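Consider the sequence and the model below, with attention to charged side chains and to one pocket. The paragraphs that follow take these topics in turn.

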Amino acid sequence: PVDRYTEIDTARYVITYTFDAILDTTKTEKKTDQLCLEIGSHLSKVYSLRAYKADSIATDLMIKRIDNIVRTPAEPMPDIIYKNYPSGKLTFISRTVGGVLRYEEDYPIVIKWKLIPEKKDFLGYTCQKAEAVFRGRMYTAWFTPEIPLKEGPGKFGGLPGLILQLSDSQDHFNYTCVGIEKSKTIIPITYWPWKSTEMSRKKYLDTMKKMHKTPLKYSRAV
(Lines give C-alpha, C1' and ligand atoms only; values in the text may rest on other atoms or scores of the structure.)
Protein backbone atom coordinates (compact mmCIF):
# COMPACT_ATOMS: atom_id res chain seq x y z
CA PRO A 1 0.00 0.00 0.00
CA VAL A 2 1.11 3.54 -0.79
CA ASP A 3 0.72 4.69 2.81
CA ARG A 4 2.68 1.89 4.49
CA TYR A 5 5.55 3.84 5.99
CA THR A 6 7.09 4.15 9.46
CA GLU A 7 7.64 7.43 11.29
CA ILE A 8 11.15 7.14 12.70
CA ASP A 9 11.75 10.65 14.09
CA THR A 10 10.47 14.23 13.96
CA ALA A 11 12.32 16.91 11.99
CA ARG A 12 13.73 19.78 14.04
CA TYR A 13 15.24 21.45 11.00
CA VAL A 14 14.43 21.21 7.29
CA ILE A 15 17.27 22.31 5.01
CA THR A 16 16.92 22.68 1.24
CA TYR A 17 19.84 22.50 -1.20
CA THR A 18 20.19 22.87 -4.93
CA PHE A 19 22.38 20.10 -6.31
CA ASP A 20 24.06 19.91 -9.70
CA ALA A 21 26.40 17.18 -10.82
CA ILE A 22 28.30 15.83 -13.80
CA LEU A 23 27.67 12.11 -13.53
CA ASP A 24 29.30 11.21 -16.83
CA THR A 25 32.79 12.72 -16.92
CA THR A 26 33.00 12.20 -20.70
CA LYS A 27 30.31 14.88 -21.06
CA THR A 28 29.89 18.42 -19.74
CA GLU A 29 26.14 18.17 -19.20
CA LYS A 30 25.06 18.79 -15.61
CA LYS A 31 22.11 17.12 -13.94
CA THR A 32 20.21 19.23 -11.43
CA ASP A 33 17.94 18.51 -8.50
CA GLN A 34 16.75 19.95 -5.21
CA LEU A 35 17.52 18.03 -2.05
CA CYS A 36 15.83 18.11 1.34
CA LEU A 37 17.74 17.41 4.55
CA GLU A 38 15.47 16.64 7.50
CA ILE A 39 17.31 16.71 10.82
CA GLY A 40 15.68 15.00 13.79
CA SER A 41 16.75 14.37 17.37
CA HIS A 42 18.33 10.97 16.63
CA LEU A 43 18.80 10.76 12.86
CA SER A 44 18.54 12.61 9.57
CA LYS A 45 17.23 11.95 6.08
CA VAL A 46 18.35 13.32 2.71
CA TYR A 47 16.14 12.90 -0.34
CA SER A 48 15.26 14.38 -3.72
CA LEU A 49 12.40 16.88 -3.62
CA ARG A 50 11.74 16.24 -7.31
CA ALA A 51 11.35 12.51 -6.65
CA TYR A 52 9.16 13.24 -3.63
CA LYS A 53 6.83 15.44 -5.67
CA ALA A 54 6.64 12.82 -8.43
CA ASP A 55 5.79 10.17 -5.83
CA SER A 56 3.11 12.40 -4.31
CA ILE A 57 1.43 12.86 -7.68
CA ALA A 58 1.60 9.11 -8.38
CA THR A 59 0.19 8.33 -4.93
CA ASP A 60 -2.70 10.71 -5.45
CA LEU A 61 -3.51 9.07 -8.79
CA MET A 62 -3.35 5.62 -7.22
CA ILE A 63 -5.75 6.66 -4.46
CA LYS A 64 -8.11 7.97 -7.15
CA ARG A 65 -7.62 4.65 -9.01
CA ILE A 66 -6.34 6.29 -12.19
CA ASP A 67 -4.41 3.84 -14.34
CA ASN A 68 -1.44 4.34 -16.66
CA ILE A 69 0.64 6.25 -14.14
CA VAL A 70 3.97 7.36 -15.57
CA ARG A 71 6.78 7.49 -13.01
CA THR A 72 9.70 9.62 -14.11
CA PRO A 73 12.82 9.28 -11.95
CA ALA A 74 14.30 12.49 -10.61
CA GLU A 75 17.68 13.72 -11.77
CA PRO A 76 20.37 13.01 -10.99
CA MET A 77 19.05 9.96 -9.09
CA PRO A 78 16.15 9.42 -6.67
CA ASP A 79 18.37 8.25 -3.81
CA ILE A 80 17.58 8.43 -0.10
CA ILE A 81 20.18 8.58 2.68
CA TYR A 82 19.38 7.90 6.33
CA LYS A 83 22.13 8.90 8.76
CA ASN A 84 22.15 6.95 12.04
CA TYR A 85 19.29 4.69 10.96
CA PRO A 86 19.51 2.05 12.13
CA SER A 87 21.59 3.33 15.04
CA GLY A 88 25.28 3.48 14.16
CA LYS A 89 24.64 2.97 10.46
CA LEU A 90 24.14 5.03 7.33
CA THR A 91 21.49 3.52 5.07
CA PHE A 92 21.65 4.30 1.35
CA ILE A 93 18.64 3.45 -0.83
CA SER A 94 18.67 3.85 -4.62
CA ARG A 95 15.63 3.41 -6.84
CA THR A 96 16.93 2.24 -10.20
CA VAL A 97 15.59 0.73 -13.41
CA GLY A 98 16.69 -2.60 -11.99
CA GLY A 99 14.73 -2.20 -8.76
CA VAL A 100 15.48 -0.79 -5.32
CA LEU A 101 19.08 -1.29 -4.14
CA ARG A 102 20.15 -0.83 -0.53
CA TYR A 103 23.40 -0.86 1.42
CA GLU A 104 24.63 0.19 4.84
CA GLU A 105 27.84 1.83 6.08
CA ASP A 106 29.15 2.54 9.55
CA TYR A 107 28.03 5.93 10.86
CA PRO A 108 29.30 8.51 11.44
CA ILE A 109 31.48 8.41 8.34
CA VAL A 110 34.92 9.73 9.25
CA ILE A 111 35.90 12.71 7.09
CA LYS A 112 39.21 14.33 8.07
CA TRP A 113 38.31 17.97 7.67
CA LYS A 114 40.94 20.70 7.76
CA LEU A 115 39.56 23.98 9.07
CA ILE A 116 40.67 27.06 7.12
CA PRO A 117 40.61 30.54 8.79
CA GLU A 118 38.88 32.06 5.73
CA LYS A 119 35.30 33.21 6.35
CA LYS A 120 32.42 34.69 4.37
CA ASP A 121 28.77 35.63 4.77
CA PHE A 122 26.14 33.42 3.17
CA LEU A 123 22.36 33.58 3.65
CA GLY A 124 22.93 35.95 6.55
CA TYR A 125 25.23 33.52 8.37
CA THR A 126 28.97 33.77 8.98
CA CYS A 127 30.55 30.70 7.39
CA GLN A 128 34.00 29.19 7.77
CA LYS A 129 35.89 27.24 5.14
CA ALA A 130 36.94 23.60 5.50
CA GLU A 131 38.62 21.14 3.15
CA ALA A 132 38.90 17.37 3.03
CA VAL A 133 39.73 14.51 0.70
CA PHE A 134 36.82 12.07 0.69
CA ARG A 135 36.91 8.91 -1.42
CA GLY A 136 39.44 10.27 -3.86
CA ARG A 137 38.01 13.76 -4.29
CA MET A 138 39.00 17.06 -2.72
CA TYR A 139 36.00 18.90 -1.27
CA THR A 140 35.57 22.43 -0.02
CA ALA A 141 32.81 23.13 2.49
CA TRP A 142 31.44 26.31 3.98
CA PHE A 143 29.79 25.72 7.35
CA THR A 144 28.24 28.00 9.95
CA PRO A 145 28.88 27.55 13.68
CA GLU A 146 25.79 29.74 14.17
CA ILE A 147 23.76 26.57 13.48
CA PRO A 148 25.71 24.06 15.63
CA LEU A 149 24.57 20.90 13.84
CA LYS A 150 27.19 18.45 12.54
CA GLU A 151 25.15 17.92 9.40
CA GLY A 152 25.27 18.57 5.68
CA PRO A 153 24.05 17.39 2.27
CA GLY A 154 24.49 13.83 1.06
CA LYS A 155 26.77 11.78 3.31
CA PHE A 156 28.66 14.86 4.47
CA GLY A 157 28.84 16.22 8.00
CA GLY A 158 31.12 16.15 11.02
CA LEU A 159 31.96 19.86 11.08
CA PRO A 160 31.15 22.13 14.07
CA GLY A 161 28.23 23.66 12.22
CA LEU A 162 25.76 23.08 9.40
CA ILE A 163 27.31 22.86 5.91
CA LEU A 164 25.69 25.48 3.65
CA GLN A 165 27.88 25.06 0.56
CA LEU A 166 29.91 22.11 -0.67
CA SER A 167 31.76 21.42 -3.92
CA ASP A 168 34.58 19.26 -5.23
CA SER A 169 37.73 20.61 -6.83
CA GLN A 170 36.72 19.36 -10.31
CA ASP A 171 33.34 21.10 -10.15
CA HIS A 172 31.53 17.78 -10.66
CA PHE A 173 29.39 18.02 -7.52
CA ASN A 174 27.92 21.23 -6.08
CA TYR A 175 25.52 21.65 -3.17
CA THR A 176 24.15 25.09 -2.26
CA CYS A 177 21.76 25.75 0.59
CA VAL A 178 18.70 27.77 -0.47
CA GLY A 179 16.47 27.34 2.56
CA ILE A 180 16.75 26.84 6.32
CA GLU A 181 13.62 26.20 8.34
CA LYS A 182 13.38 25.47 12.04
CA SER A 183 10.28 23.35 12.37
CA LYS A 184 7.30 24.98 14.09
CA THR A 185 4.99 22.08 13.39
CA ILE A 186 5.34 18.31 13.66
CA ILE A 187 7.09 17.04 10.52
CA PRO A 188 7.57 13.27 10.64
CA ILE A 189 10.71 11.73 9.18
CA THR A 190 9.49 8.64 7.35
CA TYR A 191 10.96 5.34 6.26
CA TRP A 192 9.41 3.39 3.39
CA PRO A 193 9.98 -0.40 3.59
CA TRP A 194 10.37 -0.99 -0.15
CA LYS A 195 11.33 -4.49 -1.21
CA SER A 196 15.03 -4.07 -1.95
CA THR A 197 18.17 -5.93 -2.90
CA GLU A 198 20.72 -5.78 -0.07
CA MET A 199 24.37 -5.42 -1.05
CA SER A 200 27.69 -3.86 -0.11
CA ARG A 201 28.65 -0.37 -1.24
CA LYS A 202 31.27 -1.85 -3.58
CA LYS A 203 28.74 -4.16 -5.20
CA TYR A 204 26.30 -1.25 -5.54
CA LEU A 205 28.91 0.83 -7.39
CA ASP A 206 29.74 -2.12 -9.65
CA THR A 207 26.04 -2.69 -10.35
CA MET A 208 25.48 0.97 -11.22
CA LYS A 209 28.40 0.91 -13.66
CA LYS A 210 26.86 -2.09 -15.41
CA MET A 211 23.45 -0.39 -15.50
CA HIS A 212 24.90 2.70 -17.17
CA LYS A 213 26.66 0.55 -19.76
CA THR A 214 23.65 -1.67 -20.58
CA PRO A 215 20.49 0.09 -19.30
CA LEU A 216 18.18 -1.76 -21.67
CA LYS A 217 19.27 -5.12 -20.30
CA TYR A 218 18.40 -4.05 -16.76
CA SER A 219 15.12 -2.36 -17.67
CA ARG A 220 13.92 -5.54 -19.37
CA ALA A 221 14.76 -7.49 -16.23
CA VAL A 222 12.39 -5.43 -14.04
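At what N to O distance do the side chains of Glu104 and Arg102 meet in a salt bridge? The model is a predicted one, and in it the distance between Glu104 and Arg102 is 3.2 Å. The two partners differ in exposure: Arg102 counts as buried because its relative accessibility is 12%, under the 20% limit, whereas Glu104, at 35% relative accessible area, is partly exposed. The pair does not stand alone, since Glu198 is linked with Arg102 and Glu104 in a network of salt bridges. Across the model, the count of salt bridges comes to ten.

Lys129 is a further place to look. One of its salt bridges is with Glu118, where the closest N and O atoms are 3.5 Å apart. Glu118 belongs to strand E8 (residues 114-122) and Lys129 to strand E9 (residues 125-134), so this salt bridge ties together parts that are eleven residues apart in sequence. Lys129 also forms a salt bridge with Glu131, and here the closest N and O atoms are 3.9 Å apart; this pair counts because the cut-off is 4 Å.

The exposure of these residues can be set beside their contacts. Lys129 has a relative accessible area of 16% and is therefore buried. Glu118, with 40%, is partly exposed, and Glu131, with 25%, is partly exposed as well. Thus buried Lys129 has a salt bridge with partly exposed Glu118 and another with partly exposed Glu131.

Glu38 is a contrasting case. Which side chain of opposite charge is nearest to Glu38, and how far away is it? It is Lys45, at 5.0 Å. Because a salt bridge requires a nitrogen and a carboxyl oxygen within 4 Å, Glu38 has none to Lys45, and Glu38 is buried without any salt bridge. Its side chain does have a polar partner: a polar contact of 2.8 Å joins Glu38 to the side chain of Tyr47. Glu38 itself lies in strand E3, which spans residues 31-39.

The last topic is the second largest pocket, which holds about 280 Å³ of space. Its lining is made up of 20 residues, and those closest to the centre of the pocket are Lys83, Tyr107, Lys150, Glu151 and Gly158. How does the lining divide by residue class? Eight of the lining residues are nonpolar, seven are polar and five are charged.

Definitions and conventions
Residues are numbered from 1 along each chain as its sequence is written. This is a predicted model: local features need pLDDT of at least 70, side-chain atom pairs count only at pLDDT 80 or more; totals for chains, interfaces and linings use all residues. Side-chain values use heavy atoms; hydrogens and water are left out. On a 1 Å grid over the protein atoms alone, a cavity is a set of points where a 1.4 Å probe fits but cannot get out, and a pocket is an open set with protein on both sides within 12 Å along at least five of seven lines; lining residues have an atom within 4 Å of a point. Grid points are joined across faces, edges and corners, and a volume is the space filled by probe spheres set on the points. Ala, Val, Leu, Ile, Met, Phe, Trp, Tyr, Cys and Pro count as nonpolar, Asp, Glu, Lys and Arg as charged, and the others, Gly among them, as polar. Helices (H or I, at least four residues) and strands (E, at least two) are DSSP runs, numbered from the N terminus. Buried means under 20% relative accessible area, exposed over 50%, partly exposed in between (1.4 Å probe, protein chains only). Lys and Arg count as positive and Asp and Glu as negative; His and the chain ends are not counted. A polar contact is a pair of N or O atoms within 3.5 Å; within protein, one must be able to donate a hydrogen and the other to accept it, and residues adjacent in sequence count only if both atoms are side-chain atoms.
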